[in-house]
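Here's a quick briefing to read alongside the model. Have the viewer open and follow along.

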Amino acid sequence: MLEALGLTDEEEAVYRHLVARPSASAGEIGAALTIPGPRADEMARSLAARGLVSTLPGERFCAVPPAVALGALLTVRRDELRTAELALIALAEEHRSAAAGRAIGDLIEVVSGVDALRQRFAQVQHAAKEQVRSFSTAPFVAVPIGENAAEEQGVKRGVSYRVVVERDLLTAPGAAQEAVTSLRQGVQVRVADRLPIKLIMADSALALVPLSTSAGDRPGAVLLHGSGLLAAVEALFEAVWERAYPLRMDATAAGAEPDITELDAKILSLLLAGLTDEAVAGQLGLSLRTLQRRIRQLMDLAGVRTRVQLGWQAAQRGWA
């Protein structure tokens, strides 16, 4: 827990041991933590050199009160982070100023190989300050379903995520559950019949666009920096987003009635997204008969006779 303040695991263990008692010798520390006495002595003296531990007569050590010792370290770390932040701002401004004079090759970076693609995919998301926009289609070459850890981190930072998913992708194993997870984290998800390209974009500054569209092709992509081409990609996303179907899988959404379960909400959402009964049943782990029975129950609950009418009622009642 104290690694962020520059302590190793061993140093933290020694400091915690001393915090819990008035004082201890190196031998007592070593015996309690199952480390050699000389090593415990080395750790204690290292902590003393940084002001976290005081030495006492008789070769004993005691912890400096955490509010004093760790508070000072925390202040130093904050100052270092602030200095780094100011340096980053200065470098970003220098980079922006130089962009006007960059050649075409400086605005388009070619990325090759799975590892490089995975790294750039994460870096684009980490670079976003306000929003990330993406088109999600098969095949997944660099980042398989369920392995985009940067998305959760971005949402926690306050970055808005908007994702358009190609309809056929929702039939892939684990895809529906991944959509549910993203929705619960606050990601906005919409479904389109077809998507022209894969894409992930950070604000209006960066976009990663794969060059290959088939699983057997050599993995490659272009990273677009601020340019007219990037603006065109941004406009494409917004046009597709406007036509795509909003995906919701939460029965507690605004306007939802209490007599529809979360499973029913998922069924309706996937059906309205255009998936077949077989695909919906497979994604939700239901038998086809069970799925169709629940659809029949929803139709009875809505007081309708056809699925078209059920879709209209679901929209009116906030079910999906």
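How much area does the protein chain expose, and what share of it do carbon and sulfur atoms supply? The protein chain exposes about 17,200 Å², and carbon and sulfur atoms supply 56% of that (areas by the Shrake-Rupley method with a 1.4 Å probe; for residues, only the protein chains shown count as cover). Keep in mind that this is a predicted model: local features need pLDDT of at least 70, side-chain atom pairs count only at pLDDT 80 or more, and totals for chains, interfaces and linings use all residues. Residues are numbered from 1 along each chain as its sequence is written, and side-chain values use heavy atoms, with hydrogens and water left out.

**The chain overall**

- The protein chain has 13 helices and 11 strands (DSSP runs numbered from the N terminus: helices are H or I with at least four residues, strands are E with at least two).
- Of its 320 residues, 39% count as buried (buried is under 20% relative accessible area, exposed is over 50%, partly exposed is in between; 1.4 Å probe, protein chains only).
- Take the contacts (heavy atoms within 4.5 Å) between residues at least 6 apart in sequence: 67% of them join residues at least 24 apart.

**The three-stranded sheet and its helices**

- β1, β3 and β2 line up in that order as an open, antiparallel sheet (two strands pair if DSSP finds at least two bridges between them).
- β1 (24-25) and β2 (53-56) sit at the edges with a single partner strand each, so one side of each has no neighbour in the sheet.
- Four bridges hold the antiparallel pairing of β2 with β3 (residues 60-63), and Val53 stands opposite Ala63 in β3.
- Helix α1 (residues 9-19) lies across β1, β2 and β3 and runs at about 85° to β3 (axes are lines fitted to C-alpha atoms, for helices over the stretch in contact; angles run from 0 to 180 degrees between N-to-C directions).
- Helix α3 (residues 37-49) also packs on the sheet, where it touches β2 and β3, and its direction makes about 115° with that of β2.

**Salt bridges**

- A search of the whole structure turns up 18 salt bridges (a side-chain nitrogen of Lys or Arg within 4 Å of a carboxyl oxygen of Asp or Glu).
- One of them joins the side chains of Glu28 and Arg60, at 3.1 Å from N to O. Glu28 lies in helix α2 (residues 26-33) and Arg60 in strand β3, so the pair ties together parts that are 32 residues apart in sequence. Both ends are partly exposed: Glu28 has a relative accessible area of 39%, and Arg60 comes in at 26%.
- Glu42 and Arg39 form another, at 3.1 Å from N to O. These two are three residues apart in helix α3, which puts about one helical turn between them. Glu42, at 43% relative accessibility, is partly exposed, and so is Arg39, at 29%.
- Glu238 and Arg162 meet at 2.6 Å, N to O. This pair links distant parts of the chain, with Glu238 in helix α9 (residues 228-243) and Arg162 in strand β6 (residues 160-166), 76 residues apart. Glu238 is partly exposed at 24%, whereas Arg162 is buried at 12%.
- Through shared partners, salt bridges join Arg133, Arg162, Glu234 and Glu238 into one network.

**Positive phi values**

- As background, most residues other than glycine have a negative phi.
- Glu59 has a positive phi, near 55°. Glu59 sits in the loop between β2 and β3 and counts as exposed, at 53% relative accessibility.
- Asp203 has a positive phi as well, near 50°. Its place is the loop between β8 (199-202) and β9 (206-210), and Asp203 is buried, with a relative accessible area of 15%.

**The nonpolar core**

- Which residues of the largest nonpolar core touch the most other members? Out of 44 residues, they are Leu170, Leu268, Leu275, Ile295, Leu310 and Trp319 (a nonpolar core is a set of buried Ala, Val, Leu, Ile, Met, Phe, Trp, Tyr and Cys residues joined through side-chain atoms within 4.5 Å).
- Helix α12 (residues 288-302) gives the most to this core, with five residues.
- In soluble globular proteins, nonpolar side chains tend to be buried together.
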